[in-house]
Amino acid sequence: MAGLFDKQVEDYLDARPNYPLQWYSMLAALTPHHSLAWDVGTGNGQAALGVAEHYEQVIATDISEAQLKRAVPHSRVKYLHTPLSLPEEEVVKLIGGEGSVDLITVAQAVHWFDLSTFYPLVNRLLKKPGGVIAVWTYKGPTVSPAVDSLTQRFYLTTLPFWNERVQNAVDGYKTLPFPFESVGLGMGSEGHPVSLDMEKKLSFEGFLRMLRSWSAVATAKDKGVHLLSEEVVKEFETAWGGREVIASVTYKGFMLAGKVKL
């Protein structure tokens, strides 16, 4: 799925909300050891950087070289390109070997994965007992009744251009297969993700970049359909209150955390 984001990589990086620092503290508290973490589908390394504050080393991987070229360096983060053609045995070796990983994180990406190959990797790589996998997605932002109404109307125009795998994210991971044992502590389990809020200050230009970062908008553009037309942008600008307005918005996050079933 790398190609879906390569073309709008700058918009994608600017548009993402900032994951709260307490999320990483919360996840770190679940693992008895903090030697090695694996951040999968890392993009520009946003989640990897947060995880690195709690783990000695983070292996951050992505199938998109375009995303990795914009990854933020960190002394405890090692970025690796892992194309889909890479054999499973090689992936296991690159990450650290079987039973070596304390925490696996996937931020806003697992719904794109081939779960039939990814979950067996998770089972091989996580420490047993003690290893934890956490995946999360988000929806939004909620801005104001006027903007939210327009966003919903705009979203309906994008429906023919979404990849079917996005439905798991749209459902807030309620429908995402997650065959792991619950870690308890209100951290979500299969069919029951925990809901978490993310607050952010957002400019109108930032909001437009978020819309442009949607894979459906890029897919439509490739097919000659410009969903975010000047007319649509003008409607959003009016509802926003002008291009100079900085709005306080809320993204709704949804997380699942678990451990290997023994």
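**Exercise 1. What radius of gyration would a compact globule with 262 residues have, and what does the protein chain have?**

Before we start: this is a predicted model, where local features need pLDDT of at least 70, side-chain atom pairs count only at pLDDT 80 or more, and totals for chains, interfaces and linings use all residues. Residues are numbered from 1 along each chain as its sequence is written, and side-chain values use heavy atoms, with hydrogens and water left out.

Solution.
- Step 1: the radius of gyration is taken over C-alpha atoms, and the globule rule is 2.2 Å times the number of residues to the power 0.38.
- Step 2: for 262 residues that rule lands near 18 Å, and the protein chain has 19 Å, so the two agree.
- Step 3: now check burial, where buried means under 20% relative accessible area, exposed over 50%, and partly exposed in between (1.4 Å probe, protein chains only). Of the 262 residues, 54% count as buried.

**Exercise 2. Work out how α6 and α7 pack.**

Solution.
- Step 1: find the helices. Helices (H or I, at least four residues) and strands (E, at least two) are DSSP runs, numbered from the N terminus. Helix α6 spans residues 88-95 and helix α7 residues 115-125.
- Step 2: get the geometry. Axes are lines fitted to C-alpha atoms, for helices over the stretch in contact, and angles run from 0 to 180 degrees between N-to-C directions. The angle here is about 40 degrees, and the axes are 11 Å apart.
- Step 3: name it. Angles under 35 degrees count as roughly parallel, over 145 as roughly antiparallel, 65 to 115 as roughly perpendicular and the rest as oblique. α6 and α7 are therefore oblique to each other.
- Step 4: list who touches whom, with contact meaning heavy atoms within 4.5 Å. From α6 come Glu 88, Glu 89, Val 91, Val 92 and Ile 95, and they meet Leu 121, Arg 124 and Leu 125 of α7.

**Exercise 3. Hunt down the unusual backbone spots.**

Solution.
- Step 1: recall the background. Most residues other than glycine have a negative phi, and most peptide bonds are trans.
- Step 2: look for cis bonds. Lys 128 to Pro 129 is cis, with omega near 0 degrees, and Pro 129 sits in the loop between α7 and β5. Gly 140 to Pro 141 is cis too, with omega near 15 degrees, and Pro 141 is in strand β5.
- Step 3: look for positive phi. Gln 108 has phi near 55 degrees, and at 15% relative accessibility it counts as buried. Tyr 173 has a phi of about 65 degrees, and at 0% it counts as buried.
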